[in-house]
Structures are given as C-alpha cells and as structure tokens.
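Here are some short exercises to work through with the model open in your viewer. Try each task before you read its solution.

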Amino acid sequence: MMMLALTRDLIGADRDLRQGHWRSVAYEENFRPHRLLAGKTVGIIGYGHIGQSIAALAKAFSMKVIALRRDPSKTSPNVDEIRSPSEMSWLMRTSDFAVVASPLSEETKGSVREAELLELGPDSFLINVGRGPIVDEGALFKALSDRTIAGAAIDVWYQYPDGKGVLRSPSQYDFAALPNVIMTPHHSGQANENFAKRIEDFASNINALADGKALRNQLV
C-alpha cells in the first residue's frame, strides 16, 4: 500500500484535487508521470514472517525481492537473493524501496544511518514497519528534508503517548512539515483478524504448556 502511495504521491494528489488542481498529463504542463512497481526492487531488512509476507505481495506486482536475514542460508520461493545483515550497503544501493521489518535489538538499533540513506539515494523510498530506533531519527529527518531519499512511509516512531487520549508528537523533529513522508500511528497490524489470531496463539500456547508440549515463538 505504501509503495503505491509513495510512487504516485497519492496523498498530495488527493489534497490537490480537493482544491481543483488536476495532476494529469492532460491538464498540467510540467506533469511528472509516476512509476510502476513492476520491475522495481524491494529490499527487505528482516526476513521473518512480516518480511516474507511483503515479499509474496511484491512478487504479485512483478517486483524483484532481495532481503537481509541473520541466517541467509534459509531460502524462500519469493525472494531473489538473501544476504546477511552485514550487507546493508548492498541492499540499500540496490533497492528502489527499502522496507525495515526487523525486530529492535542491540544489533539492529541505529543500523540505518546517514551513510545507508545516502546509499539508498534520491530516487528511492524507505518504509519502516519494524521499530523506529532501527533508523537513526536525525539522519532520516535530514535525508527527507534534503531529498537525499525520495520519500518515506513511517508507521513506527521515536516518541509515544503516555496513555490513552494523550497528545504527543511522534518525534522530536517536525516530520509533519515534510511533504514527502506518509505518517501513520503504529497501526499497520491493528486489524480485527490479527487480534483474533493473537488470541488463538495465546490459547494454543496455554494448551501446549498444560500438556507439556513445546511453545510457539518462545523467547530464550
């Protein structure tokens, strides 16, 4: 969804049409056509179940998929090439879209910095659905402000409200003032079906514990 919205500047086009401005080759002298996803490369940082789902959807759009994972020997039918996390530079310079889908850890915190965003380049986009601090906050704001990268879609942030009904900016930087970023409030997984599956997982693990069987997704 975000890859399509970013390439078409969907939010900007919606805003302009509400004011009577038509972004179309038929009505705008300096119109810039958008790009198709077909043939483009999506680089997935963190190839767990979220990364694998992204890959399957990207393949439906005839995209090339590359990825980083801790064990690159594990293969998948929907990925064209997998490398280890040490190959971040390769992924960034190869990708039209870099998608952060890894968990936050000591190893991943701050792993996308100014140098990596420079590798991504001015024609490519960053999407973060993992955790905010994986991407350096100041470096990302600067890259978007300077157009070092074309744009970003951010669902995970650096500051959160202390409770329900509390207003709080998601960052110390004014991302809201930037026209090339789509901001969402950490809600990409908040679907009814996801909540139902989480309850099923809890119940399954409780039953497994009672029966002395192995637990799923156990942290060690």
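**Exercise 1. Find the polar partners of the Ser95 side chain, then describe the surroundings of Ser95.**

Step 1. The side chain of Ser95 comes to 3.3 Å from the backbone nitrogen of Gly43. It also reaches the backbone oxygen of Leu91, at 2.7 Å. Both are polar contacts (a pair of N or O atoms within 3.5 Å; within protein, one must be able to donate a hydrogen and the other to accept it, and residues adjacent in sequence count only if both atoms are side-chain atoms).

Step 2. Ser95 sits in the loop between α4 and β4. Helices (H or I, at least four residues) and strands (E, at least two) are DSSP runs, numbered from the N terminus.

Step 3. With a relative accessibility of 2%, Ser95 counts as buried; the classes are buried under 20% relative accessible area, exposed over 50% and partly exposed in between, with a 1.4 Å probe and protein chains only.

Step 4. Setting aside neighbours within four places in sequence, Ser95 is in contact with Thr41, Val42, Gly43, Ile66, Leu120 and Ser124. Contact means heavy atoms within 4.5 Å.

A note on the model: it is predicted, so local features need pLDDT of at least 70 and side-chain atom pairs count only at pLDDT 80 or more, while totals for chains, interfaces and linings use all residues. Residues are numbered from 1 along each chain as its sequence is written, and side-chain values use heavy atoms, with hydrogens and water left out.

**Exercise 2. Give the overall layout of the protein.**

Step 1. There are seven helices and seven strands.

Step 2. Along the sequence they follow the pattern α-α-β-α-β-β-α-β-α-β-α-β-β-α.

Step 3. The C-alpha trace spans about 70 × 45 × 30 Å along its principal axes.

Step 4. Of the 220 residues, 37% are buried. Among contacts between residues at least 6 apart in sequence, 61% join residues at least 24 apart.

**Exercise 3. Which element gives the most to the largest nonpolar core, and how is that element placed?**

Step 1. The largest nonpolar core has 28 residues, and Leu126 and Leu140 touch the most other members. Such a core is a set of buried Ala, Val, Leu, Ile, Met, Phe, Trp, Tyr and Cys residues joined through side-chain atoms within 4.5 Å.

Step 2. At least two residues each come from β2 (64–68), α4 (88–94), β4 (97–100), α5 (114–120), α6 (137–145) and β6 (151–154). The answer is α6, which gives the most, with five residues.

Step 3. Within α6, the buried residues are Glu137, Ala139, Leu140, Phe141, Ala143 and Leu144. They pack against α5, β5 (125–128), β6 and β7.

Step 4. Look at Leu140: leaving out neighbours within four places in sequence, its contacts are Leu117, Leu126, Val135, Ile149, Ile154, Tyr158 and Phe175. Apart from this core lies another one of 24 residues, among them Met3, Val65, Ala101 and Phe125.

Step 5. Now check the ends of α6. Asp136 caps the N-terminal end, with a side-chain oxygen 3.3 Å from the backbone nitrogen of Gly138. After α6 comes Arg147, whose phi is positive, near 60°.

**Exercise 4. Describe the second largest pocket and its lining.**

Step 1. The pocket holds about 1,000 Å³ of space. On a 1 Å grid over the protein atoms alone, a pocket is an open set of points where a 1.4 Å probe fits, with protein on both sides within 12 Å along at least five of seven lines; lining residues have an atom within 4 Å of a point. Grid points are joined across faces, edges and corners, and the volume is the space filled by probe spheres set on the points.

Step 2. Of the 31 lining residues, Leu6, Thr7, Arg8, Asp9 and Arg23 are the closest to its centre.

Step 3. Two or more lining residues come from each of α1 (2–8), α2 (10–18) and β7 (181–183). α2 gives the most, with five.

Step 4. By class, the lining has 17 nonpolar, five polar and nine charged residues. Ala, Val, Leu, Ile, Met, Phe, Trp, Tyr, Cys and Pro count as nonpolar, Asp, Glu, Lys and Arg as charged, and the others, Gly among them, as polar.
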